[in-house]
Amino acid sequence: MAEKSPRSASPEAPPPNEVRERILETASALFYARGVRAVGVDLVVEAAGVAKTSLYRHFRTKDDLIAAFLDREDADFWQTWDDASAPHRGHPEAELAAHLDWISARTRREGYRGCPQINTAAEFPEAGHPARLVAARHMQELRRRLEDLSARLGACDPARLATQLAVLINGAFVSNVLLAGSEPAGNLADAAMALVKASRA
């Protein structure tokens, strides 16, 4: 009996998670570099090298893709925050200094265009928009963490100091794009420590 000839090998389709990650990574880079409203779904699928049906299989709408982009940025931000906090448990001043260092460094990195949450919230003024909700959660978490740190720093009014530090940090995220050199980032630590000192009076 003659042997059957082997079937010709067909390329395997990439796993669904790999396709989703490729779409999200591509969209994230485009959203951050060009702005969310300026980037359409057609550009994302072309740059990712996937079919439009694949995008909609993983993200029902562009709004869902935008929210996923912000969730991704959020996870990276808090992982960096936790990594900076870990070596300074029990030493709140050193912990705050470590945060100010990495935040300053972030504003100086190549291709920096500001805070993605702030940028996207500015593009979507509607209170109930999915992207704005993710951005709002990010800001609330920042303030919560700063209030915890402010209490450990010995502030008379931790909530007030937390709000002041949040305004200062967000100001650095925005200002360093517009002002020449490293002026906002360079003064971030000095301004923050002045606020901490005043909060103890």
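**Cysteines, a cavity and nine helices**

Counting pairs of cysteine sulfur atoms within 2.5 Å as disulfides, the model contains zero disulfides. A disulfide is a covalent bond between the sulfur atoms of two cysteines. The model is predicted: local features need pLDDT of at least 70, side-chain atom pairs count only at pLDDT 80 or more, and totals for chains, interfaces and linings use all residues. Residues are numbered from 1 along each chain as its sequence is written, and side-chain values use heavy atoms, with hydrogens and water left out.

Consider the overall fold next. The protein has nine helices and zero strands, where helices (H or I, at least four residues) and strands (E, at least two) are DSSP runs numbered from the N terminus. Of its 201 residues, 39% count as buried; buried means under 20% relative accessible area, exposed over 50%, and partly exposed in between, with a 1.4 Å probe and protein chains only. A contact means heavy atoms within 4.5 Å. Among contacts in the protein with a separation of 6 or more, 65% join residues 24 or more positions apart.

Two cysteines can now be placed. Is cysteine 115 buried or exposed? Cysteine 115 has a relative accessible area of 6%, so this residue is buried. Cysteine 156 has a relative accessible area of 56% and is therefore exposed. Cysteine 156 sits in the loop between helix 7 (130-152) and helix 8 (158-178). Setting aside neighbours within four places in sequence, cysteine 156 is in contact with Ser199, Arg200 and Ala201. Alanine 201 is 45 residues from cysteine 156 in sequence, yet the C-alpha to C-alpha distance is 7.5 Å.

Cysteine 115 leads to another feature, as Cys115 is among the residues that line the largest cavity. Rolling a probe the size of a water molecule over the atoms shows where empty space is left. Here a cavity is a set of points, on a 1 Å grid over the protein atoms alone, where a 1.4 Å probe fits but cannot get out; lining residues have an atom within 4 Å of a point. Grid points are joined across faces, edges and corners, and a volume is the space filled by probe spheres set on the points. The structure holds one cavity of 30 Å³ or more, and the volume of the largest is about 80 Å³. Its lining also includes Tyr32, Arg106, His138 and Phe173. Helix 4 (62-85) and helix 6 (116-123) are the elements that give two or more residues to this lining.

Technical notes
1 Å grid on protein atoms, 1.4 Å probe; cavity = no way out; pocket = protein on both sides within 12 Å on 5 of 7 lines; lining within 4 Å.
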